[in-house]
Structure formats: C-alpha cells, structure tokens
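Student: Could you show me how to read a ligand site and a pair of packed helices?
Tutor: Happily! Let's look together.

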Amino acid sequence: MSRNVLVAGAGAAGLTAAYFAAMGGARVTLVERTDKAGKKILMSGGTRCNVLPVVMEPDDYHTGSSPNRLRNIFKTWNLEACHRWFTDELGLPLACEVETNKWFPVSNEARDVRDALVNACLRAGVRILYDTPLTRLKPVPDGWSINGGALFAEKVVLASGGYSVPSIGTDGLGHQALAGLGLASTPVYPALTPLRGAHPGGAQLAGITLQVAVDVVAPNGAVLARNRRSGFLFTHTGFSGPAVLDVSHHWIRAHEAGETPPRLLVSWDGRPAEAWDTDFRTFKGTVRGLLHHHLPARLADALLASSPHGDAPLAELGKDKRRDWVLRMAAYPLAVAGHEGWRKAEVTGGGIPLDVLDPATMEVRTHPGLHLCGEILDVFGRIGGFNFYWAWVSGRLAGQKVSAAR
Ligand SMILES: Cc1cc2nc3c(=O)[nH]c(=O)nc-3n(C[C@H](O)[C@H](O)[C@H](O)COP(=O)(O)OP(=O)(O)OC[C@H]3O[C@@H](n4cnc5c(N)ncnc54)[C@H](O)[C@@H]3O)c2cc1C
C-alpha cells in the first residue's frame with residue numbers, strides 16, 4: 001500500500017516536493033490556499049523567472065542556523081543535476097544570461113516554469129486542491145490530522161513559504177500551524193528589499209542605473225559585508241537594484257531590532273578608494289570633468305552640488321579636499337531612512353531554524369512525519385536564482401524522503 005502524503009503550499013518548494021513524493025510512489029495531495037499554483041514563480045525575475053544561478057558559493061546564502069547543515073542539504077543535489085531535471089525531465093530548456101550568470105527559461109516566460117512544474121505533478125498523479133489552506137496540524141496515531149480532522153496524511157510536507165508579498169497568500173499561516181505544535185521561528189524580517197532615503201544633494205535621481213559596490217559597516221567599524229560590483233537603481237523613494245537588495249537585510253534587521261543600523265557605503269563605480277585617489281591625482285581637468293567621466297551626468301551634478309567644496313581644477317585640490325572627494329566617490333554613505341517592507345521584499349529573513357530538522361530528510365526531529373522545505377526555513381540567498389535553487393533542493397529532499405519505504 002503506497003503512503004498517503006499531504007504537501008501544503010503549491011509554490012516552488014511544494015510543487016517540487018509533491019512531484020518527487022509522487023515519483024517515489026506516494027499518493028500525494030497538494031493543498032494550496034489560493035486559487036493558483038506558483039504565484040511567486042509567475043512574478044519572479046521580472047516575469048522571466050531566474051530559475052537557477054550558474055555558480056554557487058556557500059556565502060551566497062544567509063542563515064542563523066549551522067552553515068554546515070545548510071551545505072549538507074545543498075550537497076544532495078548539485079546545480080548541474082538540478083539544471084538537468086528542468087531540461088531533461090520537465091522538458092523546460094534553459095538559457096544562460098552570461099552577463100549576470102543566471103539561468104532563465106529559453107522562452108523568458110515565468111509561466112512556462114510554473115506550468116512545467118504543475119504539469120509534471122499532474123502527470124505523476126498528484127491531486128491538487130486549490131482554495132484549501134492548511135490551518136491546523138495535529139499528530140495522531142500513524143500520521144497527521146489536518147484542519148481539525150478534515151484531512152488525514154501519514155506524512156506532511158509544509159512548504160507554505162514566508163512573509164514576503166503577503167497579498168498573494170504568503171503571510172505566515174504555515175508558521176502559525178507550526179507554532180501550534182510548539183515550533184518557533186527566529187525573528188523574521190524583510191530581505192532583498194528596496195530601501196528608502198533621500199538621494200545625494202536632495203536631488204531626484206529616479207530612473208538612474210549604474211554599477212556600484214556597497215560595503216556594509218557596523219557602528220563599531222566592523223565590515224559586515226563587501227558586495228561585489230552590481231546594479232544600483234535610484235527609485236522614486238530611495239534605492240534598489242541587486243547591489244542594494246543583497247545588503248538590505250543588514251540595515252533592516254538592525255532597524256527592526258531597535259539597534260543602530262549599519263552604514264551602507266557606496267563606491268559609485270565599484271572601484272576601491274585607491275583607484276579614485278589615483279584619478280584625483282592624475283586626471284587632467286576639473287572635479288566636474290572627472291565625475292562626469294565616470295558617472296551619469298545627473299548623479300555627477302548632484303554629488304558636486306552636495307559637496308561643500310564645489311568645482312575646482314584637480315591640480316589645485318589640497319590634500320584634505322582630495323581625501324574628502326575620494327571618500328565621497330568610493331565610500332559614500334547612503335542616507336537610508338527606511339525600507340519598503342514585506343510588500344516589496346523578495347524573500348524572508350529568519351524562519352524555522354534548520355537546527356530543528358534532520359538535514360538528511362528535512363524531517364522535524366521532535367515531530368516525526370512532518371517535513372519542511374523552502375522559504376519557511378531560516379535560509380535565503382542573494383539575487384541571482386539562489387532562492388529558487390534552495391526551494392528546488394529542499395523540496396526535492398523532503399519529497400523523496402516522505403515517499404521512502406518504511
Ligand atoms: C518579486 C519577486 C521576484 C523573485 N524573483 C526570483 C528569481 O528570479 N529567482 C529566485 O531564485 N528567487 C526569486 N524570488 C524569490 C522566490 O520567489 C522564493 O524564494 C520562492 O518562491 C520560495 O518558494 P516557496 O515554495 O518556499 O514559497 P512560495 O513560493 O511563497 O510558495 C508558498 C505557497 O504556499 C501557499 N500557502 C501559504 N500558506 C499556506 C497554507 N497554510 N496552506 C496551503 N497553502 C499555503 C502560498 O499561497 C504559496 O502558493 C522572487 C521573489 C519575489 C517576491
């Protein structure tokens with residue numbers, strides 16, 4: 001007799017878990033609280049869905065749990081094998097965007113990713129129940145009673161996501177069901193989130209994009225992160241783009257905890273202070289000329305207007321003014337005053353700690369038969385397909401293990 005499994009949440013992780021559980025021989029019911037599967041997949045990557053990164057390093061991820069535990073979970077399915085699953089098993093060809101090291105569907109349509117996953121589940125025999133939220137979980141002899149006895153399963157995979165974009169069905173309902181079992185989340189906070197704040201010199205620079213590098217420096221001077229050179233966007237309310245999103249959680253986490261947030265220091269063209277110092281010493285012309293040489297004109301003018309020194313021939317800059325200009329160009333403190341919250345967060349920081357799981361099975365140690373995967377857990381990655389990779393890997397592992405022979 002095949003095992004009866006319930007998966008809750010038809011997002012990236014839940015669809016993957018349901019597919020692998022069904023392929024492993026289980027009778028799988030996938031319950032989704034909304035009327036559609038994979039709403040977040042549909043909106044991802046600007047509706048192109050960045051399915052996977054091309055390369056992955058351990059420090060592409062953040063977790064408050066043991067990094068070793070996380071590494072061991074990733075070891076169960078490397079990028080190459082995961083990529084093959086999409087192309088060979090799901091029939092979804094992927095194309096590499098070389099400049100950003102990201103995989104997208106060849107069609108550039110997120111809908112094709114969602115449809116490939118749903119169709120694979122249906123072919124594997126998964127029964128999908130829409131408009132069916134999981135609200136309560138109770139261990140009973142031989143399995144789990146769900147929603148006060150409305151459903152029963154021998155094994156449950158909870159893949160209900162986190163708190164980001166609550167309007168589409170991810171507002172922590174799964175966390176509440178876990179809290180009913182005494183399983184607590186670490187404090188959660190919006191991550192990969194645009195920040196609010198005034199543009200340099202009080203100018204309105206919305207729409208300007210450029211490549212920058214951002215250092216995150218704690219109030220005690222410790223460098224918390226050095227971001228690689230990546231895209232920066234001035235928005236109507238502040239700052240966005242991967243360079244900002246990838247470090248936003250450092251500011252938001254401290255701010256939400258009532259602590260003094262770290263400073264975000266921007267090099268406006270991604271080069272270190274030494275390179276800017278050389279430019280200020282050797283460039284022929286004025287400060288304005290040098291700034292315009294490297295930066296979009298409106299930003300160069302705003303930086304010039306906000307400086308107490310004004311324009312001057314570079315040859316006439318004294319040591320102090322030159323040092324000040326180099327700092328403004330290589331370590332400009334962004335005037336961050338807030339953030340765009342869960343509404344605009346791409347993922348959740350914090351969540352259910354990995355430490356409550358057996359990393360070989362994704363099963364909650366204290367609650368046999370209950371497995372977790374995806375964004376509900378205390379793991380998130382930077383921009384670049386890393387978050388979906390986590391959803392695919394953790395979903396597959398949970399799905400395989402719930403269907404495994406007793
Ligand atoms: C705008 C945006 C763009 C993004 N772009 C990318 C990208 O290009 N690449 C990338 O790697 N990552 C991207 N991400 C992040 C990525 O979408 C998430 O990491 C990923 O969707 C998490 O998968 P999940 O299955 O764990 O959760 P989700 O995708 O959030 O799925 C959870 C599902 O569970 C359902 N649910 C919730 N509670 C219950 C319940 N109690 N009972 C039943 N069902 C429930 C929800 O309705 C939802 O369908 C993006 C995120 C956003 C918001």
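Student: Which ligand atom lies 3.4 Å from a polar side-chain atom of lysine 40?
Tutor: A polar contact is a pair of N or O atoms within 3.5 Å. Here, in this predicted model, the partner of the lysine 40 side chain is an oxygen atom of the ligand, 3.4 Å away. A polar backbone atom of alanine 12 lies 3.1 Å from a ligand oxygen, and one of leucine 134 is 2.8 Å from a ligand nitrogen.

Student: How much of the ligand does the protein bury?
Tutor: Accessible areas come from the Shrake-Rupley method with a 1.4 Å probe. Alone, the ligand exposes 1000 Å², and the protein buries 94% of that.

Student: How many residues surround the ligand?
Tutor: A residue counts as near if one of its heavy atoms lies within 4 Å. There are 34, and Glu32 and Phe388 are among the closest. Helix α13 (386-403) is one of the contributors, with three residues, the largest share. Helices here are DSSP runs (H or I, at least four residues), numbered from the N terminus.

Student: And how do I read two packed helices?
Tutor: Two packed helices are described by the angle between their axes and the distance between the axes. The axes are lines fitted to C-alpha atoms over the stretch in contact, with angles from 0 to 180 degrees between N-to-C directions. For α9 (residues 287-294) and α10 (residues 297-306), the axes come within 8 Å and cross at roughly 145 degrees. Leu291 of α9 and Leu303 of α10 are among the residues making the contact (heavy atoms within 4.5 Å).

Student: Anything about the numbering and the model?
Tutor: Residues are numbered from 1 along each chain as its sequence is written, and side-chain values use heavy atoms, leaving out hydrogens and water. As the model is predicted, local features need pLDDT of at least 70 and side-chain atom pairs count only at pLDDT 80 or more, while totals for chains, interfaces and linings use all residues.

Definitions and conventions
Polar contact = N/O pair within 3.5 Å; in protein donor to acceptor, adjacent residues only side chain to side chain. Helix = DSSP H or I, 4+ residues; strand = E, 2+ residues; numbered from the N terminus.
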